[in-house]
Amino acid sequence: MRIELAGVTKIFTDEKKVLDNISFIEDFKALAIIGPSGGGKSTLLRIIGGLISPTTGDVFLDGNKIIFDERYLIQHRRQIGFVFQAKGLFNHLNAQQNVMLPLVNVHGYTKADAQKIANRLLARFGLSADKHKFPNELSGGQQQRVAIVRAVAVKPKLLLLDEPTSALDPELTGEVLAMLNELRYDGLNIILVTHEMGFAKKACDKLIFIVNGRLAEYGDSERLFIRPHTAELASFLNRVLEWGI
Amino acid sequence: MALYRVFIKGTNDKITLLQKFLNIVIAVALFLLFFFFSAKRLSINFDFSFLWTFRYRLIQGFATTVELSLVSLILSLLLGFLSAMANNSRILAISYFSKVYVQFFRGTPMIMQIYLFFYIVGTAWGVDNRFLAGVLILSLFEGAYIAEIIRGGIDSIEPTQLEAAKAVGLEAGQTLRLVVLPQIIKRTLPALAGQFASIIKDSSLLSLISVIELTQTIREISASNFAIFESYIFLGLLYLSLTFPISMYTRYLEGKFSYEN
Ligand SMILES: Nc1ncnc2c1ncn2[C@@H]1O[C@H](COP(=O)(O)OP(=O)(O)O)[C@@H](O)[C@H]1O
Ligand SMILES: [Mg+2]
């Protein structure tokens with residue numbers, strides 16, 4: 001998939017530019033967004049996902065411009081899966097119902113079909129035994145896996161994830177990343193914000209590095225890890241990789 | 001199983017049905033014995049036979065209380081919902097009007113509201129039907145409490161729930177119908193059911209303006225035959241027959257929803 005950003009700037013209520021004139025073009029299968037916290041990574045992801053609009057600038061996916069107008073955005077969101085850091089499942093629905101809701105109410109599947117799809121996917125990712133559990137009965141890792149199942153059940157053309165494992169301990173992080181890796185091999189395009197440098201390096205083909213709202217560096221992830229061009233990225237990697245990966 | 005285990009619950013024990021039954025009987029018996037001996041000390045001899053004579057009036061009063069409570073429940077739910085919405089209004093006067101309403105009716109005794117509204121507001125606007133006046137006052141009073149319950153329900157919706165609804169592509173109306181309302185209902189239903197029990201009990205205060213509901217009926221009967229103790233014991237039992245099932249239902253709802261939320 002090709003993503004192009006042209007002069008994307010985001011200012012919330014105060015004058016501070018949370019995103020400052022971000023421009024790049026990348027062809028990617030899995031794109032990782034990395035950088036220090038507070039830098040604007042989530043904001044960028046939410047603009048790409050059509051959850052918020054940029055103050056100025058354009059975003060293109062495979063050459064199609066995202067029109068930041070509610071009527072268009074709702075269509076845009078329907079073609080995209082979005083997974084939040086945590087708590088993204090609907091509290092009042094069990095795992096199966098969570099997966100079914102968008103299928104039935106957004107994508108027009110019958111209840112029976114939606115249930116089949118939900119059960120098949122939940123089974124594939126080892127969640128069959130948990131399908132009747134409510135979010136607060138699931139472990140953090142299970143919650144994130146169900147959230148991913150819900151996002152991919154509608155066959156999105158792109159899956160966006162905002163630090164999907166940062167609330168999890170290492171073991172659960174592993175099971176979520178394994179699931180993402182599998183989906184990537186299925187041909188699903190992924191953009192994720194992550195602090196898992198191992199995953200960014202090995203499972204993502206492209207990387208963008210955001211510092212203080214600026215795009216400091218981007219390109220092949222392999223190259224960025226081995227030969228960072230900017231001092232900022234070099235020192236960031238030094239800090240996060242201090243204990244190896 | 002040692003005998004004492006029937007009466008003592010270990011930290012991890014499950015209470016059996018038999019245990020529950022036995023011990024409830026004991027607790028109720030203790031409670032009744034206390035009253036029995038209190039009455040003994042005053043050498044009162046209970047005689048409930050007169051109740052049969054007044055059965056039609058009692059049934060009528062009971063029916064009026066149920067009616068009063070049901071109509072007030074519906075009206076106060078409506079008022080409470082509107083008030084909770086108004087509280088979040090971006091038009092400040094409306095928002096403050098709702099806050100003043102809730103503060104006033106929760107912060108003053110109902111007896112004062114009854115007199116004030118019946119004799120001043122009611123008279124000024126020609127509401128002389130006592131039942132209607134009673135329903136209105138009771139609904140205003142309970143509506144203020146229900147407003148707070150519903151507001152709490154609205155506040156308890158986490159922002160991530162709305163963001164998730166947006167992300168999966170729901171429209172605003174669908175988000176309200178499929179995500180927000182079900183969550184508010186699940187969170188507030190136990191408290192609302194409990195509030196219904198309060199409405200039933202609070203309706204007794206309308207006897208102050210001579211709405212002939214259950215309490216007023218009993219007041220009239222006991223004033224004519226001086227069987228005050230028997231009358232009020234029976235009154236208590238009748239109210240319990242209404243509130244106890246509701247209280248059980250509230251418990252059930254709390255248990256049911258505690259893990260689903
Ligand atoms: N809705 C918002 N309103 C105002 N400021 C916001 C909002 N969302 C994020 N910000 C600010 O934007 C900056 C970047 O936030 P974010 O995109 O979450 O960074 P990151 O995900 O890289 O940690 C932060 O300073 C944050 O406080
Ligand atoms: Mg973030």
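Begin at A:G39, where a polar backbone atom lies 3.2 Å from an oxygen atom of ligand 1. Please keep in mind throughout that this is a predicted model.

**First stop: ligand 1**

With A:G39 in view, add the side chain of A:S42, which places a polar atom 2.7 Å from an oxygen atom of ligand 1. Then display A:K16, whose side chain has an N or O atom 3.1 Å from an oxygen atom of the ligand. On its own, ligand 1 has 560 Å² of accessible area, and the protein covers 61% of it.

Next, select the whole shell of residues around ligand 1. It runs through A:P36, A:S37, A:G38, A:G39, A:G40, A:K41, A:S42 and A:T43, and also includes A:F12, A:K16 and A:V18. Colour these residues by class: 6 are polar, 3 are nonpolar and 2 are charged. Which helix supplies the largest share of this shell? It is helix α1 of chain A, residues 41-48, which contributes 3 residues.

**Second stop: a sheet in chain A**

Switch to a ribbon display and find the open sheet of 4 strands in chain A, arranged in the order β2-β1-β4-β5 with antiparallel pairing. Select residues 17-27 for β2 and residues 64-65 for β5; these two strands of chain A stand at the edges with a single partner each, so one side of each has no neighbour in the sheet.

Now select strand β1 of chain A, residues 2-11, which is joined to β2(A) by 7 bridges, the two strands running antiparallel. To see one bridge pair, select A:L5 together with its partner in β2(A), A:F24.

**Third stop: the cavity**

The tour now turns to empty space. Rolling a probe the size of a water molecule over the atoms shows where such space is left. How many cavities of 30 Å³ or more does a search of the whole structure find? The search finds 1. The largest cavity holds about 110 Å³ of space. Its lining has 13 residues, and those closest to the centre are A:I80, A:R150, A:A151, B:A167 and B:V168. To follow the lining along chain A, select α2 (70-78), β6 (80-83) and α5 (140-153), the elements that each give two or more residues to it. By class, the lining of the largest cavity has 8 nonpolar, 2 polar and 3 charged residues.

**Fourth stop: the largest pocket**

Move to chain B and select B:F31, B:L32, B:F35, B:F36 and B:I233. Of the 17 residues lining the largest pocket, these are the closest to its centre. The space in this pocket is about 510 Å³. Highlight α1 (17-41) and α10 (228-258) of chain B, each of which supplies at least two residues of the lining. The largest share, 8 residues, comes from α1(B). Are charged residues present or absent in the lining of the largest pocket? They are absent: the lining has 15 nonpolar and 2 polar residues, and no charged ones.

**Last stop: the second largest pocket**

Finally, select B:L162, B:A172, B:T175, B:L176 and B:V180, which lie nearest the centre of the second largest pocket among the 19 residues that line it. About 330 Å³ of space lies in this pocket. Elements of both chains take part in its lining: α2 of chain A, along with α3 (55-87), α7 (159-167) and α8 (172-202) of chain B, each supply at least two residues. Helix α8(B) gives the most, with 6 residues. Colouring the lining by class completes the tour: 13 residues are nonpolar, 2 are polar and 4 are charged.

Note on methods
Residues are numbered from 1 along each chain as its sequence is written. Chains are lettered from A and ligands numbered from 1 in the order in which they are written. This is a predicted model: local features need pLDDT of at least 70, side-chain atom pairs count only at pLDDT 80 or more; totals for chains, interfaces and linings use all residues. Side-chain values use heavy atoms; hydrogens and water are left out. A residue is near a molecule or strand if one of its heavy atoms lies within 4 Å of it. A polar contact is a pair of N or O atoms within 3.5 Å; within protein, one must be able to donate a hydrogen and the other to accept it, and residues adjacent in sequence count only if both atoms are side-chain atoms. Accessible areas come from the Shrake-Rupley method with a 1.4 Å probe; for residues, only the protein chains shown count as cover. Ala, Val, Leu, Ile, Met, Phe, Trp, Tyr, Cys and Pro count as nonpolar, Asp, Glu, Lys and Arg as charged, and the others, Gly among them, as polar. On a 1 Å grid over the protein atoms alone, a cavity is a set of points where a 1.4 Å probe fits but cannot get out, and a pocket is an open set with protein on both sides within 12 Å along at least five of seven lines; lining residues have an atom within 4 Å of a point. Grid points are joined across faces, edges and corners, and a volume is the space filled by probe spheres set on the points. Two strands pair if DSSP finds at least two bridges between them.
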